[in-house]
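Let's take a friendly walk through this model together, with an eye on its aromatic rings and its backbone. Keep the structure open beside you as you read.

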Amino acid sequence: MAGVGLLFAGVGGGDDDRPGARGSRPPSRRRSPRGPGHFTEYCKSLGWEWVAYRETPQPGAYCVRRADDTMLLTAAQRNAGCRWRYGVPEARHYFKDKSNYCYTTR
């Protein structure tokens with residue numbers, strides 16, 4: 001049992017404060033806003049008429065044709081819409097409340 005106490009006392013437990021003793025962490029990435037998605041033009045490029053946020057059948061962004069014909073945009077399609085809109089390969093989509101919003105990370 002004496003060895004167990006040593007582990008918790010800091011011996012071998014990774015509590016070494018010397019410079020370089022711990023692995024260096026990569027800098028944290030922060031979201032930087034690009035702007036609103038305005039996905040209607042993107043939906044039109046896919047052959048639909050406009051974009052709308054819908055709660056049913058599941059919450060999300062939908063491309064719409066004739067109010068009853070809808071297609072839920074996948075995360076990959078929403079990201080592609082941000083890249084299409086802003087011309088930035090790193091652009092990604094996130095909902096801002098119920099709005100489509102595009103960001104990059106840096």
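Helices and strands here are DSSP runs, numbered from the N terminus; a helix has at least four residues and a strand at least two. Please keep in mind that this is a predicted model.

With that in hand, start at histidine 38, which is found in the loop between strand S1 (31-36) and helix H2 (40-45). Its phi is positive, about 45°, although histidine 38 is not a glycine. That deserves a second look, because most residues other than glycine have a negative phi. Is histidine 38 buried or exposed? Its relative accessible area is 51%, and exposed means over 50%, so histidine 38 counts as exposed.

A second residue invites the same kind of look. Aspartate 97 lies in the loop between S5 and strand S6 (99-105). Aspartate 97 is not a glycine either, and its phi is positive, near 60°. With a relative accessible area of 74%, aspartate 97 is exposed.

The backbone has another feature to show you, this time in the loop between S2 and strand S3 (60-65), where proline 57 has its place. The peptide bond that joins threonine 56 and proline 57 is cis, with omega at about 0°. For context, most peptide bonds are trans.

Now turn to the rings. Counting rings whose centres lie within 6.5 Å, the model has five aromatic pairs. One of them brings together tyrosine 53 and phenylalanine 95: the ring centres are 5.6 Å apart and the planes meet at 85°, which is over 60, so this pair is edge-to-face. Where in the chain do the two partners sit? Tyrosine 53 is in strand S2 (residues 50-54) and phenylalanine 95 in strand S5 (residues 92-96), so the pair links distant parts of the chain, 42 residues apart. Both partners are partly exposed: tyrosine 53 has a relative accessibility of 30%, and phenylalanine 95 has a relative accessible area of 33%.

Another pair joins tyrosine 101 and tyrosine 103. Their ring centres are 5.4 Å apart and their planes lie at 55°, so the pair is tilted. Tyrosine 101 and tyrosine 103 are both buried. Tyrosine 103 has a charged partner too: the charged end of arginine 31 sits over its ring, 5.2 Å from the centre. A similar arrangement involves tryptophan 48, with the charged end of arginine 65 over the ring at 4.1 Å from its centre.

To finish the tour, find Phe39, Tyr42 and Trp84, which ring pairs link into a cluster.

Note on methods:
Residues numbered from 1 in each chain as written. Predicted model: local features only at pLDDT ≥ 70, side-chain atom pairs only at ≥ 80, totals over all residues. Heavy atoms only, no water. Phe/Tyr/Trp six-rings, centres within 6.5 Å; stacked < 30°, edge-to-face > 60°. Buried < 20%, exposed > 50% of the residue type's maximum accessible area, 1.4 Å probe, protein only. Lys NZ or Arg CZ within 6 Å of the ring centre and 35° of its normal.
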